[in-house]
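Student: Hi! I have a new structure open and would like some help finding my way around. Could we go through it together?

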Amino acid sequence: MTDQLVSQALTLGYVCGRILELDNSIRFAGFVNNMGTIIAYQYRDGLDPLLKTNETELSFIDTVLRMRTRKDMEPKLGKVIYSLTIYEKVKRATILPDSEEDPILMVSLDSNNNRVGIDHEFLIRDGILPLVSHYLKSFTDRKDLKFFHSDGDSHNR
């Protein structure tokens, strides 16, 4: 991998951590490319994942394919912002980036069964989307992008 791709993966890993800090109902945050390949991800501390690694990868590929079919309706319905699927055990949000070149964000959330009053739509719209937009905008638009390296320091691109 080139230094830029490594730096991008480290930065996206940092963003995953920031997403997990937004609310303790967030189980997982991960970025995948247009083919469904995982670029960076992070689970909530102490979480026992519901899916095995190979099941997660297949799920991401399936989700990316479904999002592509939704794009067919964009001329009439407008741009897809995110999709939320509610399962019995978990909610999964797929958040499309502003730019086709940017990775797709996958987030899983606890279902509301155990906590009352969690507004996941608000959390996605007013917490996750602005945070991700800030960092992904950096990849395509800004010259002052700071990549976060494993040593904890940030460096200009």
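Student: Let me start with one residue: is Pro97 buried or exposed?

Tutor: Happy to help, and keep in mind that this is a predicted model. Pro97 has a relative accessibility of 12%. Buried means under 20%, so Pro97 counts as buried.

Student: Where does Pro97 lie?

Tutor: Look in the loop between E4 and E5.

Student: And what is Pro97 in contact with, leaving aside its neighbours within four places in sequence?

Tutor: There are contacts with Lys79, Asp102, Pro103, Ile104 and Leu136. You can also look at Val132, which is 35 residues from Pro97 along the chain. The C-alpha atoms of Pro97 and Val132 are separated by 8.3 Å.

Student: OK, zooming out. What is the order of the strands in the sheet?

Tutor: The order is E2-E1-E5-E4-E3, in an open sheet of 5 strands with antiparallel pairing. At the edges are strand E2 (38-43) and strand E3 (82-86), each of which pairs on one side only. From one strand to the next, the twist averages 15 degrees.

Student: Which helix packs on that sheet?

Tutor: That is helix H2, residues 53-70. H2 touches strand E1 (26-32), E2, E3, E4 and E5, and its direction makes about 55 degrees with that of E4.

Student: Back to E4 for a second. How many bridges join E4 to E5?

Tutor: 6 bridges join them, with E4 covering residues 90-95 and E5 covering residues 104-110. The two strands run antiparallel. Among the pairs, Lys91 has Leu109 in E5 as its bridge partner, and Ala93 stands opposite Val107 in E5.

Student: What about E1 and E5, how do they run?

Tutor: E1 and E5 run antiparallel and are joined by 6 bridges. One example is Val32, whose bridge partner in E5 is Ile104. You met Ile104 before, as one of the contacts of Pro97.

Student: Why is E5 described as largely enclosed?

Tutor: Because 7 of the 7 residues of E5 are buried, the strand is largely enclosed by the rest of the structure.

Student: New topic: how many residues does helix H1 have, and how far does it reach?

Tutor: H1 runs over residues 3-22, so to speak a stretch of 20 residues. From its first C-alpha to its last, H1 reaches 29 Å, close to the 28 Å expected at 1.5 Å a residue.

Student: Last one! Which residues of H1 are buried?

Tutor: They are Ser7, Gln8, Ala9, Thr11, Leu12, Gly13, Val15, Cys16, Gly17, Ile19 and Leu20.

Key. Residues are numbered from 1 along each chain as its sequence is written. This is a predicted model: local features need pLDDT of at least 70, side-chain atom pairs count only at pLDDT 80 or more; totals for chains, interfaces and linings use all residues. Side-chain values use heavy atoms; hydrogens and water are left out. Two strands pair if DSSP finds at least two bridges between them. Helices (H or I, at least four residues) and strands (E, at least two) are DSSP runs, numbered from the N terminus. Axes are lines fitted to C-alpha atoms, for helices over the stretch in contact, and angles run from 0 to 180 degrees between N-to-C directions. Contact means heavy atoms within 4.5 Å. Buried means under 20% relative accessible area, exposed over 50%, partly exposed in between (1.4 Å probe, protein chains only). The expected span of a helix is 1.5 Å times one less than its number of residues.
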